[in-house]
Amino acid sequence: MAGGSLLAPSLANRQINYKGRTTIPVLLACIAAASGGLIFGYDIGISGGVIAMDDFLIKFFPTVYVRKHAAHENNYCKYDNQGLQAFTSSLYLAALFASFGASYVTSNKGRRPTMLIGGLSFLVGAALNAAAENLAMLIIGRMMLGVGSVPVYLSEMAPPKLRGGLNIMFQQAVNFGILCANLINYGTANLQPWGWRLSLGLAAVPASLLTLAAIFLSDTPNSLIERGHLEQGKSVLQKIRGTPDVEAEFQDLVEASRVASTIKDPFLSIFRRKNRPQLTMAVLIPYFQQVTGINVITFYAPVLFQSIGFHSNASLYSAVITGLMLIIGTGISIFTVDKFGRRVLFLHGGILMFIGQVVTGLVLAFEFKGNEELSRGFAVVILVVTCVYVVSFAWSWGPLGWLVPSEVFALETRSAGQCITVAVNMLFTFAVAQSFLSMFCHFRFGIFLFFAGWVVVMTLFVHFFLPETKKVPIEEMQQEWSKHWYWRRFAQEQENQDDSKP
Ligand code: BGC
């Protein structure tokens, strides 16, 4: 059955009849989601500054500390240590497994318990990290932080017309978390010898907000309806829309839930040949997002800048670069994504990211001797091109790496597609975190050319294989695939099968 025939007439047309305003529960849900994004960003941003702190290295990685201060040590290799990388990467491995657990708990018990478990485990993780006495406590704490998923909750509470924008706002909350983490690291770096404990422990602030919001929020109407609590679902919908007149939206939710229950095996479905375009996107979009190399900057900018000679200013520079540039870039995305479309942002972002990485690679190749520092002038060049790289990531692959997968799946492959997207993203976030410092030691400047090569591949891929999803309602996505010059050979099989049905 084609996705388009499931909810005819077009859902987009019927949404015009939905009533309601933005109410306190919706705002609370936004705060919860924003804290989810904030924690995620905080955890991304905090580890890099912490591993650059001497007190932290002396306590957990004394060999790295000795190497860092050895006069003629090769700068490319000072931080090459598997344990150090595991401190950063373990979070994403745990998140990968937790996302499967979260989807099980969510479909059986509702959204709220998932949020509550997420919030509590963030709190335990922050406490373990702040009090850490050994590597095991650090890593177990980081793994606890990896548990928790909120964006889905947000997208269900938001009025339909706001969903796309809110998806990108989540990304902005992540960026804001990254900026906060870097600024906090800048401040705590001078609080010796316990500054790193404060950095890691402060994750408890947004975690408490999330936990409180989970306690005070009701479950989402979608989740209640899907689990058969129709009356309860309707009254929550009335409460969150601030009007008793919610019949149109309620009926659509009931219908959507009926349709969802007829979709038997979304995982089998996405592996069918006719859904090959959707499976390809579910795997390649998150993979490409991670091999842009962005998390080399978000995770390791402080050690990267220290390695090439920025010394104590490294954490300030990385705060400005990773935080502010991400926020500016994503701001540009919010205002242009529905005007220019996804493909334009992807293509321009790709070209600028490529230039940024190639210039960085070449400056390091010709101007940076492994055991000396970079001259002032070239250090500034690296700073500028890194800003260009980060800002262009932040208007393209950053937000779109999540937004586009939420738009390309037809109804019957949607849940499986999104699950694969999250899993692939976490898997490769883990891989980059666990391997970058070693790759930097062995590939040296070549690592930037390696990522630049992937940026060329993904930009060509978008140009040739990604259809524009701007303003395409989800139920009409299947038709888009059947119109595409390449994917139609797969997607049209679906239409032929539909035609043969009575
Ligand atoms: C990515 C993260 C990245 C962040 C930076 C997200 O879209 O999934 O891996 O750290 O953007 O803003």
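The expected span of a helix is taken here as 1.5 Å times one less than its number of residues, and helices are DSSP runs of H or I with at least four residues, numbered from the N terminus. The model is predicted, so that local features need pLDDT of at least 70 and side-chain atom pairs count only at pLDDT 80 or more, whereas totals for chains, interfaces and linings use all residues. Residues are numbered from 1 along each chain as its sequence is written, and side-chain values use heavy atoms, with hydrogens and water left out.

**View 1. Helix H17, residues 276-291, and the residue that follows its end**. At 1.5 Å a residue, the 16 residues of H17 should span 22 Å, and the end C-alpha atoms are indeed 22 Å apart, which agrees. Because 13 of its 16 residues are buried, H17 is largely enclosed by the rest of the structure; buried means under 20% relative accessible area, exposed over 50% and partly exposed in between, with a 1.4 Å probe and protein chains only. Just after H17, Gly293 adopts a positive phi of about 90°.

**View 2. Residues of helices H24 and H23 shown with Val283**. Val424 belongs to helix H24 (residues 414-443) and counts as buried because its relative accessibility is 12%. Although Val424 and Val283 are 141 residues apart along the chain, their C-alpha atoms are separated by 6.3 Å. Pro405, in helix H23 (residues 405-408), counts as buried at 2% relative accessibility, and its C-alpha atom is 9.6 Å from that of Val283, with their positions 122 residues apart in sequence.

**View 3. Polar side chains at the ligand**. An oxygen atom of the ligand lies 2.9 Å from an N or O atom in the side chain of Gln171, and a ligand oxygen is likewise 2.9 Å from a side-chain N or O atom of Gln289. For Gln290, a polar side-chain atom is 3.0 Å from an oxygen atom of the ligand. Taken alone the ligand exposes 310 Å², of which the protein buries 98%, the areas coming from the Shrake-Rupley method with a 1.4 Å probe.

**View 4. The shell around the ligand**. The ligand is surrounded by 13 residues, the closest being Gln171, Asn175, Gln289, Gln290 and Asn295, where a residue is included if one of its heavy atoms lies within 4 Å. Helix H10 gives the largest share, three residues. The shell divides into five nonpolar, eight polar and no charged residues, and it draws at least three residues from each of domain 1 (23-244) and domain 2 (267-502), whose bounds come from an automatic or database domain assignment.

Methods: Helices (H or I, at least four residues) and strands (E, at least two) are DSSP runs, numbered from the N terminus. A polar contact is a pair of N or O atoms within 3.5 Å; within protein, one must be able to donate a hydrogen and the other to accept it, and residues adjacent in sequence count only if both atoms are side-chain atoms. Ala, Val, Leu, Ile, Met, Phe, Trp, Tyr, Cys and Pro count as nonpolar, Asp, Glu, Lys and Arg as charged, and the others, Gly among them, as polar.
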